[in-house]
Amino acid sequence: MTTDLFDNVPDIHPSQEAMAEGAALLRGFVGPLESNLIAALRDIVVEAPFRHMVTPGDHRMSVAMTNCGSAGWITDRSGYRYGANDPETGKPWPAMPPLLRDLAGRAADRAGFAGFSPDVCLINRYVPGARMSLHQDRDEQDFGAPIVSVSLGLPAIFLFGGLKRSDKPRRYRLEHGDIAVRGGPARLNFHGVAPLADGEHPLTGRQRINLTFRKV
Ligand code: MD3
Ligand code: FE
């Protein structure tokens, strides 16, 4: 016999948290792919090493970055943009490994954005003390596509604001293996990362790696 016990339970997986309409947190979604993912990243950073970019205001970012995919996000004194080549080497960014693209697609699908096929993966490296100040991601052409982000290594406090810079951010602890998907009405929310606390992670050492998959 069936009961109506579950009729009013929202259709959200136990490990899936709704952060806001259009934003979901998939705890531990990376699962057993973690080592393959880290191996793929090692190959990428041999070709396109992490570097500290400079903002248009001439600040050196505490987060070190690189990219893979058909383009990469860059900032320098002239502004923010996506470009096909790594400005440090003049070569195209390393290709996006299918493992990464497929993982991002499956996470988007789980969060309700079917058919997401990113062309860019921005790779951020935080060491203790590194942070990212509140900003919006608005250098992409297509705000209709979600952004999928994967956290690896040391945990971080993610600051999730609203559509105005002055909206007080809520804090979420993002841990190794967590994936956040933000699209729809949450696509342009202000967000940032608090200074990384010191620690040691068995797979990454004293660092946090964040991957953001984007359709640019
Ligand atoms: C935004 N990276 O690269 S991604 C960035 O952890 C960036 O390195 C951060 O912001 C990082 O541009 C944050 C995580 C994230 C998760 C959920 C969101 C960003 C979000 C929901 C709405 C808006
Ligand atoms: Fe961002």
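**Glutamate 140 and the iron site**

Student: Why is glutamate 140 called buried?

Tutor: Glutamate 140 has a relative accessibility of 5%, and buried means under 20% relative accessible area, with exposed over 50% and partly exposed in between (1.4 Å probe, protein chains only), so glutamate 140 counts as buried. This is a predicted model, in which local features need pLDDT of at least 70 and side-chain atom pairs count only at pLDDT 80 or more, while totals for chains, interfaces and linings use all residues. Residues are numbered from 1 along each chain as its sequence is written, chains are lettered from A and ligands numbered from 1 in the order in which they are written, and side-chain values use heavy atoms, with hydrogens and water left out.

Student: What makes the pairing of glutamate 140 with the side chain of tyrosine 82 a polar contact?

Tutor: A polar contact is a pair of N or O atoms within 3.5 Å; within protein, one must be able to donate a hydrogen and the other to accept it, and residues adjacent in sequence count only if both atoms are side-chain atoms. The side chains of glutamate 140 and tyrosine 82 meet this at 2.6 Å, and the side chain of glutamate 140 also makes a polar contact with that of arginine 187, at 2.8 Å.

Student: Which protein atoms are called donors of the iron ion (ligand 2)?

Tutor: They are His135 (NE2), Asp137 (OD) and His191 (NE2), lying 2.0 to 2.2 Å from the ion, where donors are N, O and S atoms within 2.8 Å of the metal (3.2 Å for Na, K and Ca), and sites may look incomplete because water is not among the atoms.

Student: How do you know that aspartate 137 is buried?

Tutor: Its relative accessible area is 5%, so aspartate 137 is buried.
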